[in-house]
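Okay, thanks for making time, everyone. Let me put the structure up on the screen, and then I'll walk you through it.

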Amino acid sequence: MRQQQIQKLAQSKDKTQLEAEILLQKLLESPEWKNAKSIATTISGSIEVPTTPVIEAALAAGKTVYIPKTMPHRQMAFLPFVSYDKLVKSSFGLLEPEYDEKLVNQEPDLVIVPGLAFAIDSHYRVGFGGGYYDRFLAKYSGKTLALVPSAMEFATADWEIGEYDIKIGKLIRA
Ligand SMILES: Nc1nc2c(c(=O)[nH]1)N(C=O)[C@@H](CNc1ccc(C(=O)N[C@@H](CCC(=O)O)C(=O)O)cc1)CN2
Ligand SMILES: Nc1ncnc2c1ncn2[C@@H]1O[C@H](COP(=O)(O)OP(=O)(O)OP(=O)(O)O)[C@@H](O)[C@H]1O
């Protein structure tokens, strides 16, 4: 299912890019965004919803932006975004911040969760399969939200829900 969805997202890149503008507008109007002083997002890869506009909007609004760094045992540490030239490429090919224990914040007000597929009815998601977000969200107590372009939308989960899978608080659709 994951491989099939990665292929579909690769074919839907252009559409996702167009929908990203609508998703951003809806995000900026949401109370979750307005009420958050700190937000977490990712540095998007090519088949994901672009996050550069989200990061820029957050910084322009005076919010602190946190980006995950993958750690041993499939943990993530959230570190402040400073600038694109401070990021380093992980072994998986994603850009990540440098680790600095003093700067880690595992409780940003809002976490924008990435994924490959989202179920509109139940709010379950499928990610890249590392289990990073499920592990992180198990301990996180703030708000969660996902930006869902049409290529990631499923009316209902047609995949198996695992015992560790965690529902996303709010889905924003194009
Ligand atoms: N843009 C973006 N950043 C993100 C995520 C994401 O979905 N999107 N993540 C969302 O979770 C985390 C990274 N997720 C990952 C998911 C899978 C693998 C992975 O499968 N890596 C190796 C296998 C490693 C192993 O098994 O030990 C591989 O490529 O085979 C790596 C990272 C954090 N950053
Ligand atoms: N809280 C947890 N504790 C232990 N194992 C977990 C936990 N969360 C997930 N896992 C395990 O991690 C593996 C990958 O999980 P899953 O397939 O749900 O990843 P994903 O949600 O698609 O990926 P990601 O969260 O990185 O985007 C599974 O074997 C799952 O059982």
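I'll go through a helix, the core, the two ligands and a pair of loop residues. Keep in mind that this is a predicted model.

Let's begin with helix α2, residues 13-29. Does its length fit what we'd expect for 17 residues? Well, what should it span, and what does it span? At 1.5 Å a residue we'd expect 24 Å, and the end C-alpha atoms are indeed 24 Å apart, so the two agree. That said, α2 has a kink of about 30°, and the kink is centred on Glu19.

Now, Glu19 is also one of the buried residues of this helix, together with Thr16, Ala20, Leu23, Leu24 and Leu27. And what do the buried residues of α2 pack against? Two helices, α3 (31-34) and α4 (52-60), plus two strands, β9 (143-148) and β11 (170-173).

On to the core. The largest nonpolar core has 44 residues, and Ile112, Phe118, Ala146 and Leu147 have the most contacts inside it. Take Phe118: leaving out residues up to four places away in sequence, Phe118 touches Ala146, Val148, Met152, Phe154, Ile168 and Leu171, among others. The list of Phe118 contacts also includes Arg125 and Glu153.

Next, the ligands. Around ligand 1 there are 17 residues, with Thr42, Pro114, Phe128, Gly130 and Tyr132 coming nearest. The elements giving two or more residues to that shell are β2 (64-71) and α5 (132-139). By class, the shell around ligand 1 has nine nonpolar residues, seven polar and one charged.

Ligand 2 is surrounded by 14 residues, and the closest are Gly127, Gly131, Tyr133, Asp134 and Tyr164. Which element gives the most here? That's α5, with five residues. The shell around ligand 2 splits into six nonpolar, five polar and three charged.

Last, the loop residues. Arg74 sits in the loop between β2 and β3 (75-80), and its phi is near 55°, a positive value in a residue that isn't glycine. Is Arg74 buried or exposed? Somewhere in between: it has 13 C-beta neighbours inside 10 Å, so it counts as partly exposed.

His123 is the other one, in the loop between β7 (117-119) and β8 (125-126). His123 isn't a glycine either, yet it has a positive phi of about 70°. With 16 other C-beta atoms within 10 Å, His123 is partly exposed too.

That's my tour, thanks for listening.

Technical notes: Residues numbered from 1 in each chain as written. Chains lettered and ligands numbered in written order. Predicted model: local features only at pLDDT ≥ 70, side-chain atom pairs only at ≥ 80, totals over all residues. Near = placed C-beta within 6 Å. Helix = DSSP H or I, 4+ residues; strand = E, 2+ residues; numbered from the N terminus. Nonpolar A, V, L, I, M, F, W, Y, C, P; charged D, E, K, R; others polar. Buried ≥ 20, exposed ≤ 12 C-beta atoms within 10 Å, placed from the backbone. Expected span 1.5 Å × (residues − 1). Bend = angle between axes of the 7 residues up to and from the residue. Contact = placed C-beta atoms within 7 Å. Core = buried A, V, L, I, M, F, W, Y, C linked by C-beta atoms within 7 Å.
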